[in-house]
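Work through the following exercises with the coordinates loaded. Each task is followed by a solution in steps.

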Amino acid sequence: MSKRMIALTGAAFLCAATTLTASSAYAADGPTGRELLDKCNNGTDSCVFHPYGPPETFRGDIHQVGDTVFNCTADLQRSTVKWSETTGESNSFGVSLSAEYGFSDVFKVSIETSYQHTWESSSTVGQDDSIDVNPGEKGWVERSTEMNRVKGQYEMHFPDRFYDHYIWYQEFEAVGPVKDAPGLVTKKTAVMSPEEKSQHCG
């Protein structure tokens, strides 16, 4: 066989192989991302999640936990704010990874195997915080929750062509709480507004 024929044969093989592999992001007539993930271990020969790196830890948005306390007296008051908060997860497709989906099991096993890290779908933390509030002021507690973020890609191999391809890839990102982490807790005070004084102090 001539060198020209070998080159043409190799080019044709590469072209054929390319048509059998696709990313849902670039296939306009392909499946939706959720439809693709629902096939993970539910019609595939193999379904693997490839994380791009270890879970990234960060703090979420600062928000109030517990009730606001108001000091309507003429003296400094120490009040106790009791709070409890359950933080859940979120991901690219708005489904809980705690549910019995094939792709959720694959995701959690991959993270645990690769990084010895257990993925948490939810975490509940609570405590009692004392806060000193001056006369005519209000006090409250804010918290910024510790979270994990994982980014990666699913690789799915099908026994038969699925939307004209044997292999599909799907990008995926998930955010979940760090188990039992108290987060950053801060105490705040401010002067009551006239409306607040009227409402809470009579």
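**Exercise 1.** Determine whether Tyr163 is buried, partly exposed or exposed, and describe its backbone.

Solution. Step 1: the model is a predicted one, and the relative accessible area computed for Tyr163 is 38%. Step 2: buried requires a value under 20% and exposed a value over 50%, so Tyr163, at 38%, is partly exposed. Step 3: Tyr163 sits in the loop that joins S7 and S8. Step 4: its phi is positive, about 50°, although Tyr163 is not a glycine. Most residues other than glycine have a negative phi.

**Exercise 2.** Classify Asp180 by accessibility in the same terms, and find its place and its phi.

Solution. Step 1: Asp180 has a relative accessible area of 51%. Step 2: the cut-off for exposed is over 50%, so Asp180 counts as exposed. Step 3: the loop between S8 and strand S9 (184–191) holds Asp180. Step 4: phi of Asp180 is positive at about 60°, and the residue is not a glycine.

**Exercise 3.** Describe the overall make-up of the protein: its elements, its burial and its contacts.

Solution. Step 1: there are four helices and nine strands. Step 2: their order along the sequence is α-β-α-β-β-β-β-α-β-β-β-β-α. Step 3: of the 202 residues, 36% are buried. Step 4: among contacts with a separation of 6 or more, 83% are between residues 24 or more positions apart. Step 5: the exposed area is about 11,700 Å², with 51% of it from carbon and sulfur atoms.

**Exercise 4.** Which residues have the most contacts inside the largest nonpolar core, and which elements supply at least two residues of it?

Solution. Step 1: the largest nonpolar core contains 20 residues, and Phe49, Phe103, Phe107, Tyr154, Met156 and Phe172 have the most contacts inside it. Step 2: at least two residues each come from helix H2 (33–38), strand S2 (46–51), helix H3 (102–115), S7 and strand S8 (165–177). Step 3: S7 contributes the most, five residues. Step 4: beyond its neighbours within four places in sequence, Phe49 is in contact with Val106, Phe107, Ser110, Ile111, Val150, Lys151, Gly152, Gln153, Tyr154 and Phe172. Step 5: a second core, separate and of eight residues, includes Val65, Val81, Val133 and Val141. As background, nonpolar side chains in soluble globular proteins tend to be buried together.

**Exercise 5.** Locate the largest cavity by its lining, and state how that lining divides by residue type.

Solution. Step 1: one cavity of 30 Å³ or more is present in the structure. Step 2: the largest cavity holds about 40 Å³ of space. Step 3: its lining consists of Glu85, Thr87, Ser123, Thr124, Val125, Arg143, Thr145, Glu146, Val178 and Ala181. Step 4: strand S4 (77–88), strand S6 (122–133) and S7 are the elements that give two or more residues to this lining. Step 5: by type, the lining has three nonpolar, four polar and three charged residues.

**Exercise 6.** Is Thr145 buried or exposed, and which residues does it touch?

Solution. Step 1: Thr145 belongs to strand S7 (residues 137–162). Step 2: its relative accessibility is 6%, and buried means under 20%, so Thr145 is buried. Step 3: leaving out residues up to four places away in sequence, Thr145 touches Phe58, Arg59, Gly60, His63, Glu85 and Thr87. Step 4: Glu85 and Thr87 also appear, with Thr145, in the lining of the largest cavity.

Methods: Residues are numbered from 1 along each chain as its sequence is written. This is a predicted model: local features need pLDDT of at least 70, side-chain atom pairs count only at pLDDT 80 or more; totals for chains, interfaces and linings use all residues. Side-chain values use heavy atoms; hydrogens and water are left out. Buried means under 20% relative accessible area, exposed over 50%, partly exposed in between (1.4 Å probe, protein chains only). Contact means heavy atoms within 4.5 Å. Accessible areas come from the Shrake-Rupley method with a 1.4 Å probe; for residues, only the protein chains shown count as cover. On a 1 Å grid over the protein atoms alone, a cavity is a set of points where a 1.4 Å probe fits but cannot get out, and a pocket is an open set with protein on both sides within 12 Å along at least five of seven lines; lining residues have an atom within 4 Å of a point. Grid points are joined across faces, edges and corners, and a volume is the space filled by probe spheres set on the points. Ala, Val, Leu, Ile, Met, Phe, Trp, Tyr, Cys and Pro count as nonpolar, Asp, Glu, Lys and Arg as charged, and the others, Gly among them, as polar. A nonpolar core is a set of buried Ala, Val, Leu, Ile, Met, Phe, Trp, Tyr and Cys residues joined through side-chain atoms within 4.5 Å.
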